[in-house]
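Please open the structure in the viewer and keep the selection tool at hand. The stops below are best visited in order.

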Amino acid sequence: NNDDSNELRVVWVWTDPPASPFSSRTLVNDLDLKVLSPSTFPRTVFGNSGMKDIGRPKFDDETDELNNVEVVNLRLKAPEPSATVEVEGYAVNVGVNQEFSLVAVLPRDATFIDSECTL
């Protein structure tokens, strides 16, 4: 079925500070995007999960610890086609104010209820 009418797409991007030249990791602030939905399995989908197998979220709790761009594509199902988008500051190592952008493409006939952002 190619009907995208119940697909939720969320993109989370943040400006990461430069890593130390001697660091083995280039991601300084590790933030995690997750989408929770009672109508899907798994109920929690993390950003960039399923990137190895496009279109299929992983069935575990792996988060992306390498990238400052995270994406979730999720097909919501009846009877409860709802979702909650959360971002967790897993490791905010530099700075107290984190610049970011969050874009959500809602399913057809969806209603946006509320927004709150805390890191």
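A polar contact, as the term is used on this tour, is a pair of N or O atoms within 3.5 Å; within protein, one of the two must be able to donate a hydrogen and the other to accept it. The model on display is predicted.

**Stop 1: a buried glutamate**

Begin by selecting Glu70, which is found in strand β4. Is Glu70 buried or exposed? Its relative accessibility is 0%, so Glu70 counts as buried. Next, add Leu33 to the selection and display its backbone. The backbone nitrogen of Leu33 lies 3.0 Å from a polar atom of the Glu70 side chain. Then show the surroundings of Glu70. Setting aside residues up to four places away in sequence, Glu70 touches Val10, Val11, Trp12, Trp14, Leu31, Asp32, Leu33, Gly47, Asn48 and Asp64. One further distance may be drawn here: from the C-alpha of Glu70 to the C-alpha of Leu102 the separation is 9.8 Å in space, while the two residues are 32 apart in sequence.

**Stop 2: the whole chain**

Return to a cartoon view of the whole chain. How many helices and strands does the chain contain? There are six strands and zero helices, and the order along the sequence reads β-β-β-β-β-β. The chain has 119 residues, of which 30% count as buried. If contacts are taken between residues at least 6 apart in sequence, 71% of them join residues at least 24 apart. Switching to a surface representation shows an accessible surface of about 8,300 Å², with 51% of that area belonging to carbon and sulfur atoms.

**Stop 3: the nonpolar core**

In soluble globular proteins, nonpolar side chains tend to be buried together. To see the largest nonpolar core of this model, select Leu8, Val10, Trp12, Trp14, Leu27, Leu31, Leu33, Val35, Val45, Val72, Leu74 and Leu76, 12 residues in all. Colouring by strand is helpful at this point: β1 (7–14), β2 (30–36) and β4 (69–75) each supply at least two residues of the core. Which strand gives the largest share? That strand is β1, with four residues.

Within the core, centre the view on Leu8. Beyond its neighbours within four places in sequence, Leu8 is in contact with Val35, Val72, Asn73, Leu74, Leu76, Ala83, Val105, Leu106 and Pro107.

**Stop 4: a serine in a loop**

Move now to Ser37, placed in the loop between β2 and β3 (44–46). Ser37 has 2% relative accessibility and therefore counts as buried. Apart from residues up to four places away in sequence, Ser37 touches Arg43, Leu74, Leu76, Ser82 and Ala83.

**Stop 5: the salt bridges**

Side chains of opposite charge can pair when their charged atoms come close. A search of the whole structure finds three salt bridges. Select Glu7 and Arg9 to display one of them, in which the N to O distance between the side chains is 3.3 Å. Arg9 is partly exposed at a relative accessible area of 35%, whereas Glu7 is buried at 14%.

Keep Glu7 selected and add Arg75. These two residues form another salt bridge, with their closest N and O atoms 4.0 Å apart. Because Arg75 lies in strand β4 and Glu7 in strand β1, the pair ties together parts that are 68 residues apart in sequence. Arg75 is partly exposed, at 35% relative accessibility.

The remaining pair is Glu86 and Lys34, whose side chains meet at 3.7 Å, N to O. Glu86 lies in strand β5 and Lys34 in strand β2, so this bridge ties together parts 52 residues apart in sequence. With 34% relative accessibility, Glu86 counts as partly exposed. Which residues are joined into one network by salt bridges that share partners? They are Glu7, Arg9 and Arg75.

**Stop 6: a nonpolar surface patch**

Finally, select Val85, Phe100 and Leu102 with the surface switched on. Together these residues form a nonpolar patch on the surface, with about 230 Å² of accessible area. Val85 is placed in strand β5 (residues 84–91) and is partly exposed, with a relative accessible area of 33%.

Definitions and conventions. Residues are numbered from 1 along each chain as its sequence is written. This is a predicted model: local features need pLDDT of at least 70, side-chain atom pairs count only at pLDDT 80 or more; totals for chains, interfaces and linings use all residues. Side-chain values use heavy atoms; hydrogens and water are left out. A nonpolar core is a set of buried Ala, Val, Leu, Ile, Met, Phe, Trp, Tyr and Cys residues joined through side-chain atoms within 4.5 Å. Buried means under 20% relative accessible area, exposed over 50%, partly exposed in between (1.4 Å probe, protein chains only). Contact means heavy atoms within 4.5 Å. Patches are made of residues with over 30% relative accessible area and no salt bridge: like charges are joined within 9 Å, nonpolar side chains (Val, Leu, Ile, Met, Phe, Trp, Tyr) within 5 Å. Accessible areas come from the Shrake-Rupley method with a 1.4 Å probe; for residues, only the protein chains shown count as cover.
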